[in-house]
Amino acid sequence: MTTEMTMLAWTIGLAIVQIGLFSIARTVQYGAKWNMGARDEKQPPLNPVADRLGRAQANLYETLPLFIAAVLLAHVAGRENATTALGAQLYFWGRVAYVPLYAFGVPYIRTLAWGVATAGLFMVLWPLFG
């Protein structure tokens, strides 16, 4: 499997981990009864860490379809190269770093991690237009 496809598989794994982290954080706050119920009743706002985990998950989901498409297009078009491999790695590791930085409210460095991931996405896309 290519580096790009491996990073795609790991990124999907990261998405699953983020689902779990957010679910656990909400369940800790609202309780197992809420989690297993219909969730019809209005709940108080999430605590800051749980809320940030939810926003970090949503942020991943904004770019994940683009990353999936970029990796698959580069693969199918035979445009994978050192740039796309590095880009896929930067995307994945930037997204990994983003989760705890966001969860714990670390400013600036969190934005840097997002920027690294976004630059990686562009690096995967770039050879498709050359």
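Here are some short exercises, with worked solutions, on a predicted model.

**Exercise 1. Work out how α3 and α5 sit against each other, and which residues make the contact.**

Start with the general idea: a packed helix pair is described by the angle between the two axes and by the distance between them. For α3 (residues 48-76) and α5 (residues 109-125), the angle is about 25 degrees and the axes are 9 Å apart. Next, classify that angle. Anything under 35 degrees counts as roughly parallel, so α3 and α5 are roughly parallel to each other. As for handedness, the crossing of α3 past α5 is left-handed.

Now go to the residues. On the α3 side, the contact uses Asn59, Thr63, Leu66, Phe67, Ala70, Val71 and Ala74. On the α5 side, look for Trp114, Leu121, Val124 and Leu125. Does the numbering pattern ring a bell? An α-helix has 3.6 residues a turn, so residues three or four places apart point the same way. Finally, sort by class: nine residues of the α3 and α5 contact are nonpolar, two are polar and none is charged.

**Exercise 2. Decide whether Asn59 is buried or exposed, and find what it touches.**

First place Asn59: you'll find it in helix α3. Then check its accessibility. The relative accessible area of Asn59 is 13%, and the cut-off for buried is under 20%, so Asn59 is buried. Last, list the partners. Skipping neighbours within four places in sequence, Asn59 contacts Arg95, Tyr98 and Trp114. Of those partners, Trp114 also turned up on the α5 side of the contact in Exercise 1.

**Exercise 3. Do the same packing analysis for α1 and α4.**

Get to know α1 before you start: helix α1 (residues 3-30) has 28 residues and spans 40 Å from first C-alpha to last, close to the 40 Å expected at 1.5 Å a residue. Right after α1 comes Gly31, with a positive phi near 100 degrees.

On to the packing. The α1 and α4 axes come within 9 Å and cross at roughly 15 degrees, which makes α1 roughly parallel to α4. Their crossing is left-handed. From α1, the residues involved are Thr3, Glu4, Met7, Trp10, Thr11, Leu14, Gln18 and Leu21. They meet Thr84, Ala85, Ala88, Gln89, Tyr91, Phe92, Arg95, Val96 and Val99 of α4. Broken down by class, the α1 and α4 contact holds 10 nonpolar, five polar and two charged residues. You've met Arg95 already, as a contact of Asn59.

**Exercise 4. Look at Arg39 and Tyr108: what is the sign of phi in each, and where do they lie?**

Keep the background in mind: most residues other than glycine have a negative phi. Arg39 isn't a glycine, yet its phi is positive, about 60 degrees. Tyr108, also a residue other than glycine, has a positive phi near 65 degrees.

Now locate them. Arg39 lies in the loop between α2 (32-36) and α3, while Tyr108 is in the loop between α4 and α5. For accessibility, Arg39 comes in at 37%, so it is partly exposed. Tyr108 reaches 72%, so it counts as exposed.

**Exercise 5. Place Ala82 and say how far its C-alpha is from that of Phe67.**

Ala82 belongs to helix α4 (residues 82-103). With 65% relative accessibility, Ala82 counts as exposed. To finish, take the C-alpha atoms of Ala82 and Phe67: these residues are 15 apart along the chain, and the atoms are separated by 17 Å.

Key: Residues are numbered from 1 along each chain as its sequence is written. This is a predicted model: local features need pLDDT of at least 70, side-chain atom pairs count only at pLDDT 80 or more; totals for chains, interfaces and linings use all residues. Side-chain values use heavy atoms; hydrogens and water are left out. Helices (H or I, at least four residues) and strands (E, at least two) are DSSP runs, numbered from the N terminus. Buried means under 20% relative accessible area, exposed over 50%, partly exposed in between (1.4 Å probe, protein chains only). Contact means heavy atoms within 4.5 Å. Axes are lines fitted to C-alpha atoms, for helices over the stretch in contact, and angles run from 0 to 180 degrees between N-to-C directions. Angles under 35 degrees count as roughly parallel, over 145 as roughly antiparallel, 65 to 115 as roughly perpendicular and the rest as oblique. A crossing is left-handed if the near helix is turned anticlockwise from the far one by less than a right angle, and right-handed if clockwise. Ala, Val, Leu, Ile, Met, Phe, Trp, Tyr, Cys and Pro count as nonpolar, Asp, Glu, Lys and Arg as charged, and the others, Gly among them, as polar. The expected span of a helix is 1.5 Å times one less than its number of residues.
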